[in-house]
Amino acid sequence: MIDTRTAPYAAFLLRVGLGLLFLAHGMVLKVMTFTIPGTVGYFESIGYPGIFAYLVILGEIGGGLLLIAGVYTRWIALALLPIMIGATLQHVGNGWVFSAQGGGWEFPAFWTVLLVVQSLLGDGAFAVKLPALGTAAAGRRELA
């Protein structure tokens, strides 16, 4: 049974944890450690267009900040899924354990599952409340 008194706080902790991980992964790893040109070069070296590196960096940093704030949490979690599915697929050849040479695939796979869980849970506590996407308050007119 789900405890409805504490579930919003669990969703909040998951949301902020995911947001901080994405923010750190995008900013610290890709921008500050590998640098943007280095990240673009890496993406190109594994066969992806360089533009994908910019999209992933933007997705990780922007998505991380939006998750932390709790802005459209369900949609942001779903939007980040392709990044984590791509990361999982990129690490599959390295084996299971993430400490393996090149990193294994269990961590990005688990991160992917957590995004699905977050999308199912929603915002949780302490989220910035904006009008739901697709509602009249978000700019869509209702028919009389």
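The following questions and answers walk through a predicted model of one protein chain.

Student: How many helices and how many strands does the secondary structure of the chain come to?
Tutor: Read from the N terminus on, the elements run α-α-α-α-α. The C-alpha atoms of this chain fill a box of roughly 55 × 40 × 25 Å along the principal axes. The secondary structure therefore needs just two counts, which are 5 helices and 0 strands.

Student: Are α3 and α4 roughly parallel or roughly antiparallel to each other?
Tutor: Helix α3 covers residues 50–69 and helix α4 covers residues 73–91, and their axes come within 10 Å and cross at roughly 155°. Angles over 145 degrees count as roughly antiparallel. The relation between α3 and α4 is therefore roughly antiparallel.

Student: How do the residues of the contact of α3 with α4 divide into nonpolar, polar and charged?
Tutor: On the α3 side, the residues that meet α4 are V56, G59, E60, G63, L66 and L67, while α4 brings T73, I76, A77, L80 and I83. Sorted by class, the residues of this contact come to 7 nonpolar, 3 polar and 1 charged.

Student: Is α2 oblique or roughly perpendicular to α3?
Tutor: The axes of α2 and α3 come within 7 Å of each other and cross at roughly 125°. Angles from 65 to 115 degrees count as roughly perpendicular and those over 145 as roughly antiparallel, so an angle that falls in neither range and is not under 35 is left to the remaining class. The relation of α2 to α3 is therefore oblique.

Student: Is the crossing in which α2 passes α3 left-handed or right-handed?
Tutor: In this contact I36, T39, V40, F43 and E44 of α2 meet G50, F52, A53, Y54, V56 and I57 of α3, and by class these residues are 8 nonpolar, 2 polar and 1 charged. For α3 with α4 the crossing is left-handed, whereas the crossing of α2 with α3 is right-handed.

Student: Which helix gives the most residues to the largest nonpolar core?
Tutor: This core has 16 residues, of which L18, F22, L67, L80, M84 and L115 touch the most other members. The elements that give two or more residues to the core are α1 (7–33), α2 (36–45), α3, α4 and α5 (106–121). With 6 residues, the element that gives the most is α4.

Student: Which residues does F22 touch, not counting those up to four places away in sequence?
Tutor: F22 is one of the core residues that touch the most other members. Beyond its sequence neighbours, the residues that F22 touches are E60, I61, G64, L67, L80, M84, W111 and L115.

Student: Is T73 buried or exposed?
Tutor: T73 is found in helix α4, and, leaving aside neighbours within four places in sequence, T73 is in contact with R15, L67, Q118, G122 and D123. The relative accessible area of T73 is 0%, and a residue under 20% counts as buried. T73 is therefore buried.

Student: What is the relative accessible area of V92?
Tutor: V92 lies in the loop between α4 and α5, and its C-alpha atom is separated by 16 Å from that of V113, 21 residues apart along the chain. Partly exposed residues fall between 20% and 50%, and V92 belongs to this class because its relative accessible area is 42%.

Conventions. Residues numbered from 1 in each chain as written. Predicted model: local features only at pLDDT ≥ 70, side-chain atom pairs only at ≥ 80, totals over all residues. Heavy atoms only, no water. Axes fitted to C-alpha atoms, helices over the stretch in contact; angles between N-to-C directions. Helix = DSSP H or I, 4+ residues; strand = E, 2+ residues; numbered from the N terminus. Left-handed = near helix turned anticlockwise from the far one by under 90°. Contact = heavy atoms within 4.5 Å. Nonpolar A, V, L, I, M, F, W, Y, C, P; charged D, E, K, R; others polar. Core = buried A, V, L, I, M, F, W, Y, C linked by side-chain atoms within 4.5 Å. Buried < 20%, exposed > 50% of the residue type's maximum accessible area, 1.4 Å probe, protein only.
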